[in-house]
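Visitor: Please show me how to read the surroundings of a bound ligand.

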Amino acid sequence: MSDYLETLYDGYGQRFRMDKLLHEVRTEHQHLVIFENARMGRVMALDGVIQTTEADEFIYHEMLTHVPILAHGAVKSVLIIGGGDGGMLREVCKHRGIERITMVEIDGTVVDMCKEFLPNHSKGAYDDPRLNLVIDDGMRFVATTEETFDVIISDSTDPIGPGEVLFSENFYQACRRCLNDGGVLVTQNGTPFMQLGEVQTTASRMTGLFADWHFYQAAVPTYIGGAMTFAWGTTDPALRKLPVDILRQRYAGSGIVTRYYNPEIHVGAFALPQYVLHAVNKPSND
Ligand code: SAM
């Protein structure tokens, strides 16, 4: 049995024993590997970076969906950029009030291989009649679409390769353009202990674009280097300050079952540590 060595960071990283190689292919856009690991379940990596594991994907997917959707309270339309493994789509589909879900994934092979080898991620969500699956560059989509959305979720790879454009000024501006009033943009924004520049860059690009921007966090074990941050941008500052009682009502009313998300975690996740606040030039978590 060989090992999978993540190459995201020079001189530091995680190792997975590949108990069974399930699939490996160089797609039109990236190098895709899916393998089994006794401890973490099935694992997918792209271009040397761990993307998702069966064991801990619930943390990431629940936090990037239920936080914006329950904060908004009346979501009808959602845009997912990336997310080819299908876990984000699965969690969005749990909200019965949502009428339209558009998912724009650049690599159709990721979708096909994850349907086949990571079925527990999408769990049939690709068959949801509300889904419009678009195989295209998310940047091109948000720059040209006539559609608008209540929630936009950028579930991209790290800012290397095809994912780089999803951290650009143009991308955030284009997302702002197709976000409805009272809408929320959330993005995968790296682990600040290891990728502090990523939150600094995103913060500088969201300032002036959104009436309220901030970050929230969750520790996802296989996104190594500490807590993972998620960027938050909205036209309505009140959405980040909802009382926990409102969130409890909405969570109970949604009928969704979660393994990580709950209203108290939701509220607490927006409390950033001093070094992150300092890096993004915010005096406090207000
Ligand atoms: N949870 C992972 C993380 O935090 O890094 C991300 C998982 S998901 C597999 C990332 C997806 O983004 C991949 O399927 C990749 O193909 C897609 N992607 C990368 N660049 C893209 C782009 N420009 N437009 C649309 N999808 C893109």
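Guide: A residue is near a molecule if one of its heavy atoms lies within 4 Å of it. This is a predicted model, in which local features need pLDDT of at least 70, side-chain atom pairs count only at pLDDT 80 or more, and totals for chains, interfaces and linings use all residues. Residues are numbered from 1 along each chain as its sequence is written, and side-chain values use heavy atoms, with hydrogens and water left out.

Visitor: Which residues around the ligand come nearest?

Guide: Gln30, Glu105, Gly138, Pro162 and Tyr223, out of 27 residues around the ligand.

Visitor: Which polar contacts does the ligand have with side chains?

Guide: A polar contact with a ligand is a pair of N or O atoms within 3.5 Å. In the side chain of Gln30, an N or O atom is 2.7 Å from a ligand oxygen. For Asp137, a side-chain N or O atom is 3.1 Å from a ligand nitrogen. Gln51 uses a backbone N or O atom, 3.2 Å from a nitrogen of the ligand.

Visitor: How much of the ligand's accessible area does the protein cover?

Guide: Accessible areas come from the Shrake-Rupley method with a 1.4 Å probe. On its own the ligand has 590 Å², and the protein covers 99% of that.

Visitor: Which elements give two or more residues to the shell around the ligand?

Guide: Strands are DSSP runs of E, at least two residues, numbered from the N terminus. Here the elements are β5 (41–46) and β8 (100–105).

Conventions. A polar contact is a pair of N or O atoms within 3.5 Å; within protein, one must be able to donate a hydrogen and the other to accept it, and residues adjacent in sequence count only if both atoms are side-chain atoms. Helices (H or I, at least four residues) and strands (E, at least two) are DSSP runs, numbered from the N terminus.
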